[in-house]
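Biologist: Before we discuss this protein, I should like each term to be set against its criterion. Please begin once the structure is before us.

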Amino acid sequence: MTEVDVAVIGGGVTGLASALALARRGAAVCVLEREGKSGRATSTHNSGVIHAGIYYPQGSLKARLCVEGRDRLYRFCEEHHVPHARCGKLIIAADEHELEELDRLLVIGHANGVSTLIRVDSDFIRAKEPNVRAIGALWSLLAVAAFTRIALVIGQVPQSADWKPVLEWVPGVMWLTAGLLLVAAAGSSRRAGGRQPG
Ligand SMILES: Cc1cc2nc3c(=O)[nH]c(=O)nc-3n(C[C@H](O)[C@H](O)[C@H](O)COP(=O)(O)OP(=O)(O)OC[C@H]3O[C@@H](n4cnc5c(N)ncnc54)[C@H](O)[C@@H]3O)c2cc1C
């Protein structure tokens with residue numbers, strides 16, 4: 001039986017990043033991942049965009065965390081040499097009606113702290129992307145990154161700190177006994193145990 005302070009179920013970017021943050025605070029952590037490799041699911045099959053934080057309602061947790069997380073992810077990519085391109089993004093208005101929506105998004109984006117968001121004219125749009133026809137647009141800094149590499153790097157950092165994800169492991173029955181939360185692997189006699197939080 002393996003005893004840890006925290007068992008994280010699922011080794012996508014959320015589970016790996018949470019495990020890493022806990023391990024850095026001194027907790028003994030394991031990640032229970034059902035696949036033969038972590039980061040194989042949504043985390044490495046997404047669009048690869050590091051979002052700017054434009055659309056979320058002002059003052060919401062999503063708005064704040066997206067802007068903070070974006071900057072931290074840029075730093076992470078630089079520190080760990082993860083390929084990423086700060087290509088920027090155009091949000092276009094195809095007709096007069098859509099110009100109002102651009103105004104609304106500009107206000108929300110600025111309120112959320114997306115300082116790179118600006119209103120641009122058709123000359124700017126043509127220079128950035130000649131194949132787009134639009135009467136106006138917003139432009140913002142935004143990056144695309146290799147999320148496969150991000151998942152790989154996050155998964156490797158704990159290994160260098162003597163910590164490994166437990167692969168091909170699906171948690172089954174869990175029960176509490178003598179201050180330990182016991183987690184049994186589904187369809188197997190393998191077990192992991194964790195101390196009950198005080
Ligand atoms: C089409 C699409 C495009 C997207 N584009 C972007 C984008 O451009 N930028 C962006 O920031 N976000 C994007 N997202 C969102 C982003 O990809 C997800 O929010 C993120 O990957 C979620 O990570 P996760 O770790 O929570 O989940 P996952 O990556 O799904 O990881 C969950 C892990 O848990 C494991 N697991 C599940 N059940 C069990 C179990 N019972 N026991 C053990 N292990 C288990 C799985 O095998 C998997 O490895 C996109 C999402 C989609 C669907």
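Modeller: Two residues are in contact if their C-beta atoms, placed from the backbone, lie within 7 Å. Axes are lines fitted to C-alpha atoms, for helices over the stretch in contact, and angles run from 0 to 180 degrees between N-to-C directions. Helices (H or I, at least four residues) and strands (E, at least two) are DSSP runs, numbered from the N terminus. On these terms, helix 3 (residues 96–111) lies across strand 6, strand 7 and strand 8, and runs at about 25 degrees to strand 8. The model is a predicted one, in which local features need pLDDT of at least 70 and side-chain atom pairs count only at pLDDT 80 or more, while totals for chains, interfaces and linings use all residues. Residues are numbered from 1 along each chain as its sequence is written.

Biologist: What makes strand 7 and strand 8 a pair?

Modeller: Two strands pair if DSSP finds at least two bridges between them. Three bridges join strand 7 to strand 8 (residues 136–140), and the two run antiparallel, so the criterion is met. Ile118 stands opposite Trp139 in strand 8.

Biologist: Why is one side of strand 6 and of strand 7 left without a neighbour in the sheet?

Modeller: The open sheet has three strands in the order 6-8-7, with antiparallel pairing. Strand 6 (89–93) and strand 7 (118–120) stand at the edges and each has a single partner strand, so one side of each lacks a neighbour in the sheet. From one strand to the next, the twist averages 30 degrees.

Biologist: How do you know that the span of helix 1 agrees with the expected value?

Modeller: The expected span is 1.5 Å times one less than the number of residues. For the twelve residues of helix 1 (residues 13–24) that should be 16 Å, and the end C-alpha atoms are 16 Å apart, so the two agree. Just after helix 1, Gly26 takes a positive phi of about 95 degrees.

Biologist: Why is Leu182 called partly exposed?

Modeller: A residue is buried if 20 or more other C-beta atoms lie within 10 Å of its own, exposed if 12 or fewer, and partly exposed in between; C-beta atoms are placed from the backbone. Leu182 has 16 other C-beta atoms within 10 Å, and is therefore partly exposed. Leu182 is found in strand 11 (residues 180–185). By contrast, the buried residues of helix 1 include Val13, Leu16 and Ala23.
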